[in-house]
Amino acid sequence: MRLRFCRTGRFVTKRFVFEAKAIAELKARAISSSVQNPTRVEVVLALLAKPIMAAVNTKSGSHKPTFLTHAVNLHRKAKPPLSEHLVGNIIYYVNTLCTDDDVEIDDLVCQLREAITRLNGDFVKSLQGAGGFRNLCQEIKDEAEVYTEVKDRILFTGWCSFKGFYDINFGWGKPIWVSVAGFGGSTISIYPYIVLMNTRLGDGIEAWVNLLEDDVNLLQVDKQLLAFATLDPSPLG
């Protein structure tokens, strides 16, 4: 299923920074009767998703159904929660099907919340024990069969809940800036993905966006996005 979402070409990385004030305004706009307490990650994901979907669909001239795929940490979803100190990653990729790149931010936040809520304690329990792997394979197969018309995927992963990046000290002091590895114009086959992580003060979010170069060129001039985010500001303030 994943291979059909890969796109081949020159991928580049851009960094968009959302300050605390902008995030607060986004959260206020995203409040609805369904989600009265949108999170920082949800509103930033929703704002980014709209122009990225529009950019990805520009070449085709029409909107195609797109998966917004969010990597979810299952440690906290289990009942009781699994220890954060377990070795290895215990994550699951939850998909939000978006059929309209003109969706409002509050509606998109609702869709994201609904998809993630499905990953509850009962879901985690179904993946455990002797039949867990079989259940997982069936879940993936069922989704692939239902959404055969979906051709694009945008993967989001959030590191904002990971603590301690700026407290690491290898002997020459604490870091003044923590980043992720990106692409400097590499020609590869992957699907677009975005990494969210905290700014140095912890109240803002840095979005590391990895897209095909043509798509990035459209994204970095999107007025709605730039009304809330700054493109590649100096990490030194």
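Two helices are called roughly perpendicular when the angle between them falls at 65 to 115 degrees, whereas angles under 35 degrees count as roughly parallel, over 145 as roughly antiparallel and the rest as oblique. The model described here is predicted, so local features need pLDDT of at least 70 and side-chain atom pairs count only at pLDDT 80 or more, while totals for chains, interfaces and linings use all residues. Residues are numbered from 1 along each chain as its sequence is written, and side-chain values use heavy atoms, with hydrogens and water left out.

A helix pair makes a good starting point. H1 and H3 (helices being DSSP runs of H or I with at least four residues, strands runs of E with at least two, numbered from the N terminus) pack at an angle of about 85°, their axes 8 Å apart. Here axes are lines fitted to C-alpha atoms, for helices over the stretch in contact, and angles run from 0 to 180 degrees between N-to-C directions. H1 and H3 are therefore roughly perpendicular to each other. Leu26, Arg29 and Ala30 of H1 meet Ile105, Asp106 and Val109 of H3 in this contact (heavy atoms within 4.5 Å).

The largest nonpolar core has 41 residues, and Phe18, Leu48, Ile52, Ile194, Leu196 and Val209 have the most contacts inside it. Such a core is a set of buried Ala, Val, Leu, Ile, Met, Phe, Trp, Tyr and Cys residues joined through side-chain atoms within 4.5 Å; buried means under 20% relative accessible area, exposed over 50% and partly exposed in between, with a 1.4 Å probe and protein chains only. Helix H2 (40-57) is among the elements that each supply at least two residues of this core, and the largest share, 11 residues, comes from H2. Not counting residues up to four places away in sequence, Ile194 touches Leu48, Ile52 and Val209, among others.

Strand S1 is mostly covered, with nine of its 12 residues buried. S1 and S7 run antiparallel and are joined by eight bridges (two strands pair if DSSP finds at least two bridges between them), and Phe18 stands opposite Ile205 in S7. S1 also pairs with strand S8 (residues 230-231) in the antiparallel sense, over two bridges, where Phe16 stands opposite Leu231.

Turning to strand S2 (residues 66-73), this element contains Val72, which counts as buried at 7% relative accessibility. Val72 lies 18 residues from Ile90 in sequence and 8.5 Å from Ile90 in space, C-alpha to C-alpha. Beyond neighbours within four places in sequence, the contacts of Val72 include Ile90, Tyr92 and Leu119.
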